[in-house]
Amino acid sequence: MSKYGAFFAITKRIESSGVRIDREDLILGFTGGNKSSLSELSATEYRELLLNLNRTYPTNKHPWKESKENRMRRKVIALFARMDYVKNGKADMKRINQWCCTSGMYHKVLNQHNAFELTQLVSQVEKVFRSWMKAQT
């Protein structure tokens, strides 16, 4: 890895999210117009630049994990897991997807539902869960 590999890795990650970075402008802005290249930075300035970039553009490798849709999918999975749709201590996704395809209102596997469909599917699964709970008493 080159002397400035960390800088290029960070800027590559940032640019992959759609933000354009001009290295010279970035360094000029960081140093208050005093320096324009990485080689002019001291080791301390270089570390501060990296910290500043990471604070300004935090890593979020999987933004879909925190999405509204994924939270709804997790809710469906959790409700089915509470209804004993479990295999080897984990939610039985094959069985859950089978239910979604046969009994779900859109007849497709869980991950193929869009946000609108998921809201309706969650409501449907909540009704099934309430019915299951009543049968347990």
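This passage walks through helix α6, the salt bridges, the aromatic pairs and a few single residues of the structure. The model is a predicted one.

Helix α6 is a good place to start. This helix covers residues 115-136, and at 1.5 Å a residue its 22 residues should span 32 Å. The C-alpha atoms at its two ends lie 31 Å apart, which agrees with that expectation. Just ahead of the helix sits Asn114, which caps the N-terminal end of α6. The cap is made by a side-chain oxygen of Asn114, found 3.1 Å from the backbone nitrogen of Phe116.

Part of α6 is tucked away from the surface. The buried residues are Glu117, Leu118, Leu121, Val122, Gln124, Val125 and Phe129. What do they pack against? The buried residues of α6 find their partners in α4 (68-82) and α5 (93-102). As for the spacing of such positions, an α-helix has 3.6 residues a turn, so residues three or four places apart point the same way.

Next come the charged pairs. Side chains of opposite charge can pair when their charged atoms come close. Three salt bridges turn up in the structure. Two of them involve α6 residues, Glu117 and Glu126.

In one of these, the side chains of Lys75 and Glu126 meet, with 2.6 Å from N to O. Lys75 belongs to helix α4 and Glu126 to helix α6, so this bridge links distant parts of the chain, 51 residues apart. Both ends can be reached from outside to some degree: Lys75 is partly exposed at 38% relative accessible area, and Glu126 is partly exposed at 23%.

Another salt bridge brings Lys108 together with Glu117, at 2.9 Å from N to O. Is Glu117 buried or exposed? With a relative accessibility of 11%, Glu117 counts as buried, because the cut-off for that label is under 20%. Its partner Lys108 is partly exposed, at 21%.

The remaining pair is Glu45 with Lys35, whose side chains meet at 2.7 Å, N to O. Glu45 is in helix α3 (residues 43-56), while Lys35 is in the loop between α2 (23-30) and α3, so the bridge ties together parts that are ten residues apart in sequence. Glu45 is partly exposed, with a relative accessible area of 22%, and Lys35 is partly exposed with a value of 22%.

Now for the rings. The structure has five aromatic pairs. One of them joins Tyr4 and Tyr46, with ring centres 5.4 Å apart and planes at 75°, so the pair is edge-to-face. Tyr4 comes from the segment before α1 (5-16) and Tyr46 from helix α3, so this contact ties together parts that are 42 residues apart in sequence. Both Tyr4 and Tyr46 are buried. Phe7 and Phe8 also form an edge-to-face pair, with 5.4 Å between centres and 80° between planes. Phe7 is buried, with just 1% relative accessible area, whereas Phe8, at 37%, counts as partly exposed.

Elsewhere, Phe80, Tyr85 and Trp99 come together as one aromatic cluster. A charge joins in at Tyr85: the charged end of Arg95 sits over the ring of Tyr85, 3.8 Å from the ring centre.

Two loop residues have an unusual backbone angle. Most residues other than glycine have a negative phi, and most peptide bonds are trans. Asp84 has a positive phi of about 70° although it is not a glycine. This residue is in the loop between α4 and β1 (86-87), and at 52% relative accessibility Asp84 counts as exposed. His107 is not a glycine either, yet its phi is positive, at about 50°. The loop that holds His107 runs between α5 and α6.

Last up is Thr11, a residue of helix α1. Where does Thr11 stand, buried or exposed? Thr11 is buried, with a relative accessible area of 8%. Leaving aside residues up to four places away in sequence, Thr11 touches Ile21 and Leu53.

Key: Residues are numbered from 1 along each chain as its sequence is written. Side-chain values use heavy atoms; hydrogens and water are left out. Helices (H or I, at least four residues) and strands (E, at least two) are DSSP runs, numbered from the N terminus. The expected span of a helix is 1.5 Å times one less than its number of residues. Buried means under 20% relative accessible area, exposed over 50%, partly exposed in between (1.4 Å probe, protein chains only). Contact means heavy atoms within 4.5 Å. A polar contact is a pair of N or O atoms within 3.5 Å; within protein, one must be able to donate a hydrogen and the other to accept it, and residues adjacent in sequence count only if both atoms are side-chain atoms. A salt bridge is a side-chain nitrogen of Lys or Arg within 4 Å of a carboxyl oxygen of Asp or Glu. Rings of Phe, Tyr and Trp (its six-membered ring) pair if their centres lie within 6.5 Å; planes under 30 degrees apart count as stacked, over 60 as edge-to-face and the rest as tilted. A charge sits over a ring if NZ of Lys or CZ of Arg is within 6 Å of the ring centre and within 35 degrees of the ring normal.
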